[in-house]
Amino acid sequence: MKPVAPKPTPRRFHQASWDEPVIFELSQPGARGVLLPQVESGIEQEVGDVSSTLPEALRRKTLPALPEMSQVHVLRHYDRLSQENLGVDLNIDVGQGTCTMKYSPKVNDQLARSHKLADLHPLQDESTVQGILEVMWRLEQFLKEISGMDRFSLQPGAGSAAIYTNMAMVRAYHTSRGEAGQRDQVITTIFSHPSNAACAKVGGYEILTIYPDPDGYPDLAALQAAVSERTAALFITNPEDTGIFNPSIEQFVAAVHAVGGLCVYDQANANGILGITRARDAGFDMCHFNLHKTFSTPHGCGGPAAGACGVTSSLAQFLPVPTVEHDEQKYYLDYNRPHSIGKIRPWFGVAQNILKAYAWIMSLGAKGLREVAEIAVLNNNYLLKKVLEIHGASAPYAKGKRRIEQVRYSWEQLSRETGVHSEEIGYRAADFGTHYWTSHHPYVVPEPMTLEPTESYSRADLDEYAAILKHIAEEAYHSPETIHTAPHNSTVHRINPEPFDNPQEWAITWRAYKRKAK
Amino acid sequence: MSDHKPIVYPYIANSSPATKAEMLKEVGAENIDEFYADIPDSIRFKGTLDLPEPLLAEADLTRHIEGLLGKNTSARERLSFLGAGCGQHFVPAVCDEILSRAEFLTAYAGEPYEDKGRFQALFEYESMMGELLNMDVVNVPNYDGFQAAATSLLMAGRITGRTKAMICGTIGGDKLSKIRDYIRPHLEPIMIAYLPDSGLVDLADLGAKVSSNTAAIYFENPSYLGFIETGAEEIAQIAHQNGALCVVDIDPISLGVLAPPADYGGDIACGDIQTLGIHMWYGGGHGGFIATRDDPTYVLEFPSRLFGISSTTVDGEYGFGDVAYERTSFAKREEGKEWVGTASALWGITAGVYLALMGPQGMGELGKGIMQRTAYAMKRLSQVPGLKIRFKGIHFKEFVVDFNDCNQPVAMINKKLLAKGIFGGKDLSVEFPALGQSALYAITEVHTQADIDRLAATLQEVLR
């Protein structure tokens, strides 16, 4: 035979499209998906049908109208839906900037599935949970070393919960000094994650947002003008979501400390600075990590994740209870912390992700973590060069400078010249089996695109992703209609957005749809 | 390990020296350090992080982690009666199979096009929860039941424009701690007394404390201590007579037999979905739900994602997307409702799988069976000399055992049970001093009659 012709670039792709009904449409009355252990006759004879003794108002009259399906049909339905989803394992997932979509090692998932973790009850006697307590204690030691902070809590369920936890500790600190009433403002930057502003608002603070200077760096003069005796804290991401490291970070910290405020470092973007620079060394009082970002635990379609809050020794008294402690004989939980902010979530944290993060660090060590950071940054700057070769794309701010681990790009020129918007480029990117994200709102950078290639992706992956963007950019100039009508090779076609913002039409459940769709 | 031979890391695709060199050349950099030019020398970390030597080989890592996990003894290896908000329930294999699918496990924040699967799966989760709860609006899961309760109260505060939240006195200490911290700037918590014999909300105390500034009356059904709040309808009426919302915190696994809050006047239902097909994970298996009626006054106060259904340009094709996205902190930062972020989406998908497997019959049988086993356990333990059941009335899954007539504290009894392979119920002596030496026992479908009989016999033995 003749050799098979070379493959085109970008690759031809078509996502699975099962045209799958909504699960209620698969119901077959009488079918069962799983059977339960029967109540023994001895129990029946002893107590009878207990539920019939419920008061009338509290007794369910008709069984819930759940679908009735055999087991394989439930399985098949969800397997099909899973095929209509892209995860890191399947795609070159560099398109979800700020989220550090790195490889989550399979071995860690496998280890965490052990019944020695999955079937542990959080109230078990400490003697029966020494293994997981040791993992928690040891991970805390690692994070202390990586950040320079003195103590950590692994309790928050995710990054934003960790930001909230830090905010609650800021509030407790000022309350302990009798300044809670006076300090009613939190300062953040527009390129810090929105949860820094949102969580502080929930905590009762007024939010002051600093915009960048013309070069894209957080504006030191604006910060200096904003701080006052009303400042409770600075909540700042660094490097920011632009991938630009704030070179004046020490001056930011100094300005806030000078007025008695605390400095809280959002380290969601720490992947490019592991072993390079640490929160404590920049003068911060608190920080947080996202274990599902920097430390590799899988993102699970949006959780379960895990957050970790680090503090200096003088703030450790405010950490959530319990902390995990260690003496010569054993690991144990310490609830005797009278100044603690209390509970942030049930129990002690997302234990399975704590284990996965611990295993990931153990597999890399200090040199490996530094290699993670360096390759993440190399990959990012490599992709930056490739993207800037595409007509219509730019990387606003910090002209000619390198970036850390991600870049917020702009398609402003392309959009101006073709009428194609950034969101539509994302719809078209789905046609090539990739994910793509614009940015958080507001779009300070016009027509934004945020790419973060982490350490997981190969040079060929980066070339392929850049080739997809280049292909789409060329389409924008030559056949914009292809993009305006995209996606074409995805699971679904262009979705009618109108019902989503119309209370007469929106349907958040199937029952609401059945009632409202006429 | 040799310092001379460079390590090529399996998780880092470009870590071979040759690839690195080529890429540096391509971007015109002499070395990696050029990329860090903006980081001042004064805050550069000098030296090497003090971390253990890595376990580079997967086999070594596995041995190490399995060694650590081997120090644990799981509830599956013993007979456990622990609950208190983390339920030991049967987890169907298909639940674990689906949550392990790489497409779900490793995805994140994709759009309704390339990640249509998660949008549909979570819409279906919302929909099945809606059937269970008899409500039209259910959120994409937030962190856990504690967060769901706290946010439900803030929603009630925003909806009513009022500043006080009344909370049932038998709520667990940890959840109350979370709620107090969370609502502090916005709502003042007012605790409602409970009746000493039954644990039920003291309606007289409630009536005396409720006011025109009450945003919400919050109670649990079943309660943290396991009894069913039989005054639920009256509580809802008192709330409504005073212009407050009725917020009911429930265990969804009870809804095959218990009426959902919507049926007795609940305005907001909330709780935790860990019981729906999710392992305990030492407390890592939690996800929160909030449900309301389909009224924009309520819907627009949700902080969470709400996935809705729509049509597409192709006939017969469903599309999915975010309902009322502009209310979220993703859209509006601090002007959004509280905040939204990564929480527990995979548990939502898993709970959906669970509900589909169980179906109406399964949920009905499950709830009925738990009530029977619980009643049986209450009866058996009450026959053990020295033991009493603290609260009268009908219970679901959990109940308080009164050890005050025994001459040993619960902590000591639990140590003795542990030595005999039983994890006794939660010691309540610190959390509820008024109950003295009492413990909260949990009975689910994993327990057989023989298990319960063994518990009773063992207690009798250790109390002798």
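This is a guided walk through a predicted model with two chains, A and B.

Let us start with chain A, which is divided into two domains: domain 1 covers residues 111-362, and domain 2 covers residues 366-498. Taken over C-alpha atoms, the centres of these two domains of chain A are separated by 30 Å. Where they meet, 19 residues of domain 1 of chain A are in contact with 21 residues of domain 2 of chain A. On the domain 1 side of that meeting place, the residues divide into ten nonpolar, seven polar and two charged.

Within domain 1 of chain A, which spans 111-362, strand β4 (residues 231-237) is a good place to pause. Seven of the seven residues of β4(A) are buried, so the strand is mostly covered. What lies beside it? Strand β2 (residues 185-189) of chain A is joined to β4(A) by four bridges, and the two run parallel. You can find this pairing on screen by looking at Thr188(A), whose bridge partner in β4(A) is Phe235(A). Strand β5 (residues 262-266) of chain A is also joined to β4(A), here by five bridges and again with the strands running parallel. In that pairing, Ala233(A) stands opposite Leu262(A) of β5(A). To get from β4(A) to β5(A), the chain crosses through helix α9 (residues 249-258) of chain A, making a right-handed β-α-β crossover. When you look along such strands, it helps to remember that side chains in a regular strand alternate between the two faces of the sheet.

Now move on to helix α13 of chain A, residues 459-478. How far apart are the end C-alpha atoms of α13(A)? They are 28 Å apart, which agrees with the 28 Å that its 20 residues should span at 1.5 Å a residue. Many positions along this helix deserve a look: Leu462(A), Glu464(A), Tyr465(A), Ala466(A), Ile468(A), Leu469(A), Ile472(A), Ala473(A) and Ala476(A) are buried. As a reading aid, an α-helix has 3.6 residues a turn, so residues three or four places apart point the same way. The cover over the buried residues of α13(A) includes helices α10 (351-388), α11 (412-418), α12 (422-429) and α14 (480-484) of chain A.

One more stop in chain A concerns the backbone. A cis peptide bond joins Thr9(A) and Pro10(A), with omega of about -10°. Pro10(A) lies in the segment before α1 (41-47) of chain A.

Chain B comes next. Its C-alpha atoms fill a box of roughly 80 × 55 × 50 Å along the principal axes. Chain B has 14 helices and 15 strands, and 62% of its 464 residues count as buried. Among the contacts in chain B with a separation of 6 or more, 70% are between residues 24 or more positions apart.

One of its sheets is open and has four strands, in the order β11-β12-β15-β14 (chain B), with antiparallel pairing. The edge strands, each pairing on one side only, are β11 (388-389) and β14 (426-427) of chain B. Five bridges join the antiparallel strands β12 (residues 398-402) and β15 (residues 438-442) of chain B. There, Phe399(B) has Tyr441(B) in β15(B) as its bridge partner.

Chain B also has some backbone angles worth inspecting. The peptide bond from Asn221(B) to Pro222(B) is cis, with omega near 0°, and Pro222(B) is found in the loop between β5 (214-220) and α9 (232-241) of chain B. In the loop between β7 (268-272) and β8 (288-292) of chain B you will find Trp281(B), which has a positive phi near 50° although it is a residue other than glycine. Tyr282(B) lies in the loop between β7 and β8 of chain B as well, and its phi is positive too, about 55°. Are these residues buried or exposed? Trp281(B) is buried because 27 other C-beta atoms lie within 10 Å. Tyr282(B) has 31 C-beta neighbours inside 10 Å, so Tyr282(B) also counts as buried.

Finally, bring the two chains together. Across their interface, 176 residues of chain B are in contact with 180 residues of chain A. The largest share of the chain B side, 26 residues, comes from helix α12 (residues 345-382) of chain B. Sorted by kind, the residues on that side divide into 87 nonpolar, 49 polar and 40 charged.

How values were computed: Residues numbered from 1 in each chain as written. Chains lettered and ligands numbered in written order. Domains from an automatic or database assignment. Contact = placed C-beta atoms within 7 Å. Nonpolar A, V, L, I, M, F, W, Y, C, P; charged D, E, K, R; others polar. Expected span 1.5 Å × (residues − 1). Buried ≥ 20, exposed ≤ 12 C-beta atoms within 10 Å, placed from the backbone. Pairing = 2+ DSSP bridges. Right-handed = clockwise from strand over helix to strand, strands pointing away.
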